[in-house]
Structure formats: structure tokens, C-alpha cells
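Thank you all for coming. I would like to walk through one model with you this morning, going from a single residue outwards to the chain as a whole, and I will try to say as I go how far each part can be trusted.

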Amino acid sequence: QLYDKLVELRKDQISIVSHSKGTIWFPRKMKDLDSFSTKSLEYGEELDSDHPGFKDEEYRRRRSDITQHAKIFKHGQPLPNVEYTEAEINTWRTVYNKLKVLFPTNACSAYNRIFPLFEKNCGYSPDSIPQLNQVSEFLHDLTGWRLRPVTGLL
């Protein structure tokens, strides 16, 4: 079996122990994620030496500023907004316009169905990088799920 046994570590946390996967932690309450948001699997503000921005001090400083939002966020607080620079918005615009042309033939049908709703409800546009709170509220209304900031890739 993939999971050999369920171990209740504390009243408010569950971990599954597996011979092949080790111990896997699961939150039971939203606030449980407060202690997990900085434990990402990929780099948060830190960069691998082969990352294109590794030697770019301005990029590294900006990345650190943005990850600070996740480090200090606690459940129950409003999701932080990021003030994007004009250069960041210009980059977003270029990528957005290119990808939007590619979506009809390259994205899955589910994404193609939901993308216009992101544009209508979440501020997705070439000139506006969506804020986490807008996307989270929309997804919560649609699915019951909420987003929260994290310091890197999960």
C-alpha cells in the first residue's frame, strides 16, 4: 500500500507515514498553514546559481520584497497586494498577449473555459497583473478554495 498507516501527531494535525514517501503532513485548519508557507520545495527569495536572475541584484531584491509578504502573512489577515513596477507590468503585458494567442490551440479545454472568467472577475488583462486577493475571492466563490501567499513553489 502507498500509505502504511495514519498517525495523528496532535489533535489538530494529521501526518501520513509511508515507506516510500516518508512523513507527509496535512493541515486540518487554515491557520495550520501559517507554519508551512515558508517551507516550499523550490527557492523562494533564494536562487540557484544557474537561475537567470542569480547575479541581478535588483531582481533579487525585488524577489525578496515579494516573498516577505508570504513570510509575514497569517490566516485571517487580508491577502497582501503587490505594487508592481512599470517594467513588471510591461513584461506581464508581453507574456499575456503572446500566451492569449496560444491558449485556444495549446491550453486544455478547462483552462480555455475558465480564462475569460479570470479576465472578467480577477483583473486579468494585458495592463493589470492580478492580485492574489482578487483571484482567491473568485476561486472561493466558484469552488470553495482560497489562496494564500507562499515563499516559493509548493
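**A proline in a loop, and what surrounds it**

Let me begin with P126, which is found in the loop between α3 and α4. Please keep in mind throughout that this is a predicted model, and that every value I quote has been computed from it. Is P126 buried, exposed or something in between? P126 counts as partly exposed, because its relative accessible area is 26%, and the buried class is reserved for values under 20%. As for its surroundings, if we set aside residues up to four places away in sequence, P126 touches I89, W92, R93, Y96 and N97. With one of these, I89, the separation along the chain is 37 residues, while the C-alpha atoms are 8.1 Å apart in space.

That brings me to the helices. Helix α2 covers residues 86-106 and helix α3 covers residues 109-122, and their axes come within 10 Å of each other and cross at roughly 145 degrees. The crossing in which α2 passes α3 is left-handed. On the α2 side the contact is made by Y96, K100, F103 and P104, and on the α3 side by Y111, N112, F115 and E119. Sorted by class, the residues of this contact are five nonpolar, one polar and two charged.

Which residues make up the largest nonpolar core? There are nine of them, namely Y96, F103, F115, F118, C122, Y124, V135, F138 and L139. Helices α2, α3 and α4, the last of these spanning 132-143, each supply at least two residues of this core. Y124 is a useful member to click on, since, leaving aside its neighbours within four places in sequence, Y124 is in contact with Y96, F115, F118, E119, P130 and V135.

Staying with helix α4, let us turn to S136, which is found in that helix. S136 is buried, because its relative accessible area is 1%. Beyond four places in sequence, S136 touches L79, W145, R146 and L147. The C-alpha atoms of S136 and C122 are separated by 8.7 Å, with their positions 14 residues apart along the chain.

For a contrast, look at I72, which lies in helix α1, residues 57-72. Buried or exposed? I72 counts as exposed, because its relative accessibility is 57%. Its C-alpha atom is 9.5 Å from that of P149, a residue 77 positions away in sequence.

Now for the chain as a whole. There are four helices and three strands, and reading along the sequence gives the pattern β-β-β-α-α-α-α. Of the 154 residues, 25% count as buried. Among the contacts with a separation of 6 or more, 40% are between residues 24 or more positions apart.

Finally, a word on confidence. The mean pLDDT of the chain is 78, and 68% of its residues reach 70 or more. Among the elements, α2 has the highest mean pLDDT, at 97, whereas strand β1, residues 5-10, has the lowest, at 42. Over residues 1-11 the pLDDT stays under 50, and for that stretch the model has 22 contacts beyond four places in sequence.

Methods: Residues numbered from 1 in each chain as written. Predicted model: local features only at pLDDT ≥ 70, side-chain atom pairs only at ≥ 80, totals over all residues. Heavy atoms only, no water. Axes fitted to C-alpha atoms, helices over the stretch in contact; angles between N-to-C directions. Left-handed = near helix turned anticlockwise from the far one by under 90°. Contact = heavy atoms within 4.5 Å. Nonpolar A, V, L, I, M, F, W, Y, C, P; charged D, E, K, R; others polar. Core = buried A, V, L, I, M, F, W, Y, C linked by side-chain atoms within 4.5 Å. Buried < 20%, exposed > 50% of the residue type's maximum accessible area, 1.4 Å probe, protein only. pLDDT = per-residue confidence, 0-100.
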